[in-house]
Structure formats: structure tokens, C-alpha cells
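Thanks for coming. I will go through one model, starting with a helix and then moving to the core and the ligand.

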Amino acid sequence: MSSSGRTALVTGGNRGLGAAIARALDDAGHRVIITHTPGNDKVAAWLDAQDTKGYRFVAYGVDVGDWESTQALARQIQADGYHVDILVNNAGITRDATLRKMDKSGWDAVLRTNLDSMFNVTKPWERPPSCARSATTPAIGSRHGSGTSWCRGRKRHARCLPLAK
Ligand SMILES: NC(=O)c1ccc[n+]([C@@H]2O[C@H](COP(=O)([O-])OP(=O)(O)OC[C@H]3O[C@@H](n4cnc5c(N)ncnc54)[C@H](OP(=O)(O)O)[C@@H]3O)[C@@H](O)[C@H]2O)c1
């Protein structure tokens, strides 16, 4: 990590698009914190593999759909001495199905994991009204994701990264 680098938090950064984003942010000179689901027993081996490639990620387990879990994550990150400058809300699930085949539990899981997570994970890192520091919060979602600005009425730092299927 270069001395000018900032600290990025990438949810779901242990695989898929999140892992690619995490590596790209590291390549760009930022310290990268990734999250995975609690109890994921493959993460230690994955971190070791990344380490051999020169990627030294900090990792935490969290359920992004759970308010308490995400607040505990934020407290732990701060207690460990990190300040998040870049937040990539990437963690999510896919339950593609027609309305006929989608059941209530699948619907609830998608909303909880893909939508509630945006509020849960972003909220602890909101800035005071003065918005003295810039921050970026891209949201990774299917087709029409949503970005959250920390600074209403000023420069909009958040970006939406829709991924067309
Ligand atoms: N790939 C695509 O073509 C595509 C298209 C449209 C949208 N997207 C969206 O882009 C994002 C990444 O997609 P992907 O294909 O890279 O996904 P992926 O390979 O399935 O990885 C999902 C990541 O999210 C984490 N995660 C899932 N549920 C979680 C929860 N409740 N709490 C915390 N972490 C959770 C997973 O952690 P574990 O590994 O611990 O389970 C994993 O790191 C998702 O939001 C997805 O909906 C992807």
C-alpha cells in the first residue's frame, strides 16, 4: 500500500466481483478490508493464497443484512484502528426466478441482503454535515443499483455501478 493510499472496505470481497474489486483497489495503492459471511471456513485459505500474490487484505465476517452484525463490524474496524474512506457495497445474493416461482423467503432474502445491506453497512460511515472529507460509496447491483451520497447538496461522491445482465 502506498503512503497516499486510502482505506477501502469491500463487502463480499472474498470472491467473485468483490475479489476483483479488492485486488484492483490494492493495485491502486489502497489498503483493502474485505468482508465475508460469518463462519466462512474457506476465507483463511483464500487470504493465504492472496498473500502469496502480494495482496494483504484485512478480513472480517459479517451478515450485511443484519443491523447488529454490521454495527459490530464498524465498531471492530474502528477499534482495530482503521478509518474507511472508500466503501464498496458489493455483497449480495441472486435468486433469479419468475414471480410464480419466487417464494416469500427468497424475496425477503434478496431485499435483506441486497437492499437492507446498503443502509446497514453505509450508515456507520456517514459523515457530519460539514462533509469535510470526501468519500466514495459505489453500490454493486443488478441493472439499477443505488448510490448513497454523504453530502447532500454538494458534490455527489457516490457512484452507481449498474451491471447489465
Ligand atoms: N456476477 C454477475 O453477473 C452479477 C450480475 C448482477 C449483479 N451482481 C451483483 O454483484 C454483486 C457480486 O456478485 P458476484 O457474482 O461476485 O457474487 P458472488 O460470487 O456470489 O459473491 C457474493 C459475495 O457476497 C457475500 N455475501 C452474500 N450474502 C452475504 C451476507 N448476508 N452477508 C455478508 N456477505 C454476504 C459472499 O460471502 P461468502 O463467500 O462468505 O458467502 C460473497 O463474498 C452481488 O451483489 C450481485 O447481486 C452480479
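Start with helix α3, where Thr-70, Leu-73 and Ile-77 are buried. Buried means 20 or more other C-beta atoms within 10 Å of the residue's own, exposed means 12 or fewer, partly exposed is in between, and C-beta atoms are placed from the backbone. Helices (H or I, at least four residues) and strands (E, at least two) are DSSP runs, numbered from the N terminus.

The three buried residues cover an arc of only 50° around the axis, so they sit on the same side of α3; the arc is taken from the directions from the helix axis to the C-beta atoms. On the other side of α3, Glu-68, Arg-75 and Ala-79 are exposed. The cover over the buried residues of α3 includes β2 (31-36), β3 (58-61) and α4, with contact meaning C-beta atoms, placed from the backbone, within 7 Å.

I should say that this is a predicted model: local features need pLDDT of at least 70, side-chain atom pairs count only at pLDDT 80 or more, and totals for chains, interfaces and linings use all residues. Residues are numbered from 1 along each chain as its sequence is written.

Next, the core. The largest nonpolar core has 21 residues, and Leu-25 and Val-32 are among those with the most contacts inside it. Such a core is a set of buried Ala, Val, Leu, Ile, Met, Phe, Trp, Tyr and Cys residues joined through C-beta atoms within 7 Å. Leu-25 touches Ala-8, Val-10, His-30, Val-32 and Ile-86, leaving out residues up to four places away in sequence.

Last, the ligand. Of the 25 residues around the ligand, Gly-12, Gly-16, Leu-17, Thr-37 and Gly-92 come nearest, where near means a C-beta atom, placed from the backbone, within 6 Å.

Key. Two residues are in contact if their C-beta atoms, placed from the backbone, lie within 7 Å.
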